[in-house]
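Reader: Hi! I'm new to reading structures, and I'd like a close look at a single part of this one. Could you walk me through one strand and its surroundings?

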Amino acid sequence: MTYPVDFPVPTDSGGPGAGSPIGGFGGNPQADRDAHRAAVAELAKAPVLLVHGNGGAADVRPWDLLDQRRFLRAAGYGDEIIWAPSYLGSGSVDLQTPHTNNIDDLRSYLDAVCTYLDVEVVDVIAHSLGCTLTYALARGLKRQTSPIVWDRPKKWRRLGTFVSLAGAFHGLGTGSLGEWVTGGAFMTGLLAETEGGGGETPFGAGDPPTDGEPPHTITYFCATAAGDFVDAQNPGTGRLDGAVNRSYNLGSGTQGHQAIKESQAVFDDFRPLLNSVPPAPPVELTLQPGAGAQPPGVDVTVTVDPDRDVTVTAERVVTVFTNGFLDRTVQQTLTANVRTGGGLTLTDPGVWEVSASADGATPQRATYWVGVRPVEVDIVTDNAEPFENSLLVTATSTSQVATIYHSLDGQRWTPGASVTINSDAVVSFVAIDPNGVASTVAARQFTKAIPWDDQVTGTVIDHFVAGRIDVDEFLAYADQFGFFAPFTLYLVGGDWVLDPSRPAAPAPARAAGAPVAAHPGSLTIVVPADAQVRYTLDGSVPTDTSAGFTGPTQLVVPSGSGRRVVVYRVTDPDMGVRFGAVPLADN
């Protein structure tokens, strides 16, 4: 747990971690409240709340949000405005009622941060459970598991931009557990807001603004990890009607679920949407001339509107590659405090990195090659269309003596002007000559084509009745998954397959159950004389009230009914209860 010493850390009031201070990280531990409020004014950015998912904690791998903090820092966010609660203790799983158990933790934490920073609006970047927990907070969920009640003060006015990474706003299917059941009490109430224009994105673009100061609309961004373990259970559950919805190919299962919160490409997609409701009117700040080659003695000046004090810093640097990292050495530093029209004069030859900052303005940076030959690097691989399978990404340099390095995370670098990628990625290149003169970093985002045209989750019975699989596939999948467990099939090249990366039909297998002999228009179910059979003709699970018989029986099936599945339950005094199912196509 890392917070400023004068931040009033709320107490965890429910679920894992109850009774302890809410862990996580937030703010600058070396600064007090007044310094944090000054930082908000200086940065002119809405503070960001990072909300982790189930089984996670803000700062405990692998389900942390430390990569999001790193991305924000690189985008000009100071630690003073990045906050992340650990509402599940050290990272426990809260399976059945994670929203109602932990809603007060997030509510008290959000209010504490807003009070401490003296702001009304924050941006939220949430992952997995954190997405629906944040949405439930805005809806006014009460900490009460039964019945589900939405009577607490709503918090829509607190949200500026809401980023959801692999959320499950529509549940995890009808066969899921607790609050995750699609169509259950919690999920039904979650998306039932009537204020702010209603719908799935209340107070969104085109809707009435929120109450409070400042009145505003909310920007929604929903990222789905296609085929991850959340999306596979209920495809489309991470989308909100009215949001900016994007799907990413980052791997299946937990791989994609983890990668979506650690992807620079995903962050770069939603970064322009952050700070949609800044804490103060924006200040325009520019540097002149633009970055590039300049003669010794060039004057670099600033323009700021409205006019105010600007801090300008220029560093003459050399860069070398050392053990996988770019080692940047500052050889000379110049600083000045100026207003519009003021600046610095760059006299000595070399690579100069100049930055300018002012209260309320986005910091500006530019690189100047003063009296030296510029080194440039260019990515030649096109990213206009998604790639399939893998892609070789290549860069070139204007310098014949420079070495080109590449990186997939912007931190660790490898010599080489090309790299092969197999999933969505932001690929970065830099060129460095023998004198330490470096190019600026060139980066480009590449997207892998989602290798399927559609995806549907259902039981083997659902898939057969819908015509997605044939009788042999029914038997194979029933042997693998049983009759009533949902699984996802993907449409690839006109065929429905289990694994889109290996689109081959399953090997036929005999489904478990009682022996069955099929005849045109009839089924003979062979069971002991004292065994009781209950059956249905519509694929539903037989119950004690379903039609039935005792002992071996020839069951006549009505003709002309198209595809159907006969499901039967056998209660045998010797072998207990067993289930079976028989797919029928055209009688």
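Author: Happy to! One term will help us here: a residue counts as buried when its relative accessible area is under 20%. Keep in mind, too, that this is a predicted model.

Let's look at strand β15, which runs over residues 364–370. Of its 7 residues, 5 are buried, so by the cut-off of under 20% this strand is mostly covered.

What does β15 pair with? One partner is strand β14, residues 350–357, and these two strands run in the antiparallel sense, joined over 7 bridges. Within that pairing, tryptophan 352 stands opposite tyrosine 368 of β15. The two strands form a hairpin with 6 residues between them, and there you can find glycine 360, whose phi is positive, near 85°.

Another partner is strand β9, residues 292–294, which pairs with β15 in the parallel sense over 3 bridges. Here glutamine 294 has valine 370 of β15 as its bridge partner.

While you have the structure open, valine 244 in strand β7 (residues 244–248) makes a nice contrast. With a relative accessible area of 31%, valine 244 is partly exposed, because that value lies between the 20% and 50% cut-offs. Beyond its neighbours within four places in sequence, valine 244 is in contact with Tyr220, Phe221, Cys222 and Leu273. Take phenylalanine 221: it sits 23 residues from valine 244 in sequence, yet their C-alpha atoms are 4.7 Å apart in space.

As you turn the view, remember a general point: in a regular strand, side chains alternate between the two faces of the sheet.

Definitions and conventions. Residues are numbered from 1 along each chain as its sequence is written. This is a predicted model: local features need pLDDT of at least 70, side-chain atom pairs count only at pLDDT 80 or more; totals for chains, interfaces and linings use all residues. Side-chain values use heavy atoms; hydrogens and water are left out. Helices (H or I, at least four residues) and strands (E, at least two) are DSSP runs, numbered from the N terminus. Buried means under 20% relative accessible area, exposed over 50%, partly exposed in between (1.4 Å probe, protein chains only). Contact means heavy atoms within 4.5 Å. Two strands pair if DSSP finds at least two bridges between them.
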